[in-house]
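Trainee: Could you walk me through this one before I go back to the bench? I'd like to start with the charges and then go through the fold.

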Amino acid sequence: QVQLVESGGGLVQAGGSLRLSCAASGSIFSIYGMAWYRQAPGKQRELVASITSSSNTNYADSVKGRFTISRDNAKNTVYLQMNSLKPEDTAVYYCNANHYRNFRRYDYWGQGTQVTVSS
């Protein structure tokens, strides 16, 4: 099992930048796929970006070209660099760790960090 702690959220003006961090503990970090999800008020949680154990990345169309996900296995940390932020990026951002065992997917979640983008 893995424990996840996010940090780096806050209030920023439109056009600004933030970097979210997610520190993992309790298991072998490098074997996990990692991802960032977000949930805005009244909306479903959505995938923002993901990175596999071999560092292949994937992004939601809404953030392509603006957000970058990366991981540092030596520090057991995954990052989300967010540039050119828009008010519609306002949401609680959740870190996710996932892996497969016996064809079953296991997901672990952080507590979330608030990102607010003012216009």
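Mentor: Keeping in mind that this is a predicted model, the protein chain carries 12 positive and 7 negative charges, and the mean positions of these two groups are 4 Å apart.

Trainee: OK, and how much accessible surface does the protein chain have, and what share belongs to carbon and sulfur atoms?

Mentor: The accessible surface comes to about 6400 Å², and 47% of that belongs to carbon and sulfur atoms. As for the interior, buried residues make up 44% of the 119 residues in the chain.

Trainee: What about secondary structure, how many helices and strands are there?

Mentor: The protein chain has 11 strands and zero helices, so that, read from the N terminus on, every element in the order is a β element.

Trainee: And why would one say that the radius of gyration agrees with a compact globule?

Mentor: Because a compact globule with 119 residues would have a radius of gyration near 14 Å, and the protein chain has 14 Å. Along the principal axes, the C-alpha atoms fill a box of roughly 45 × 30 × 25 Å. Among the contacts with a separation of 6 or more, 54% come from residues 24 or more positions apart.

Trainee: Let's zoom in on strand 4, is it mostly covered or exposed?

Mentor: Strand 4, which spans residues 33-39, is mostly covered, with six of its seven residues buried.

Trainee: Which strands is strand 4 joined to by bridges?

Mentor: Strand 4 runs antiparallel to strand 9 (residues 91-101), to which seven bridges join it, and Ala35 stands opposite Asn96 of strand 9. Strand 4 is also antiparallel to strand 5 (residues 46-51), with five bridges between them, and there Met34 has Ile51 as its bridge partner.

Trainee: How many residues lie between strand 4 and strand 5 in their hairpin?

Mentor: There are six residues between the two strands of that hairpin, where Gly42 takes a positive phi near 75°.

Trainee: Changing topic, where is Phe103 found, and is it buried or exposed?

Mentor: Phe103 is found in the loop between strand 9 and strand 10, the latter covering 104-109. Phe103 counts as exposed because its relative accessibility is 87%, and the cut-off for that label is over 50%.

Trainee: How far is Phe103 from Leu20?

Mentor: Their C-alpha atoms are separated by 30 Å, and the two residues are 83 residues apart along the chain.

Key:
Residues are numbered from 1 along each chain as its sequence is written. This is a predicted model: local features need pLDDT of at least 70, side-chain atom pairs count only at pLDDT 80 or more; totals for chains, interfaces and linings use all residues. Side-chain values use heavy atoms; hydrogens and water are left out. Helices (H or I, at least four residues) and strands (E, at least two) are DSSP runs, numbered from the N terminus. The radius of gyration is taken over C-alpha atoms; the globule rule is 2.2 Å times the number of residues to the power 0.38. Buried means under 20% relative accessible area, exposed over 50%, partly exposed in between (1.4 Å probe, protein chains only). Contact means heavy atoms within 4.5 Å. Accessible areas come from the Shrake-Rupley method with a 1.4 Å probe; for residues, only the protein chains shown count as cover. Lys and Arg count as positive and Asp and Glu as negative; His and the chain ends are not counted. The place of a charge is taken as NZ of Lys, CZ of Arg, CG of Asp or CD of Glu. Two strands pair if DSSP finds at least two bridges between them.
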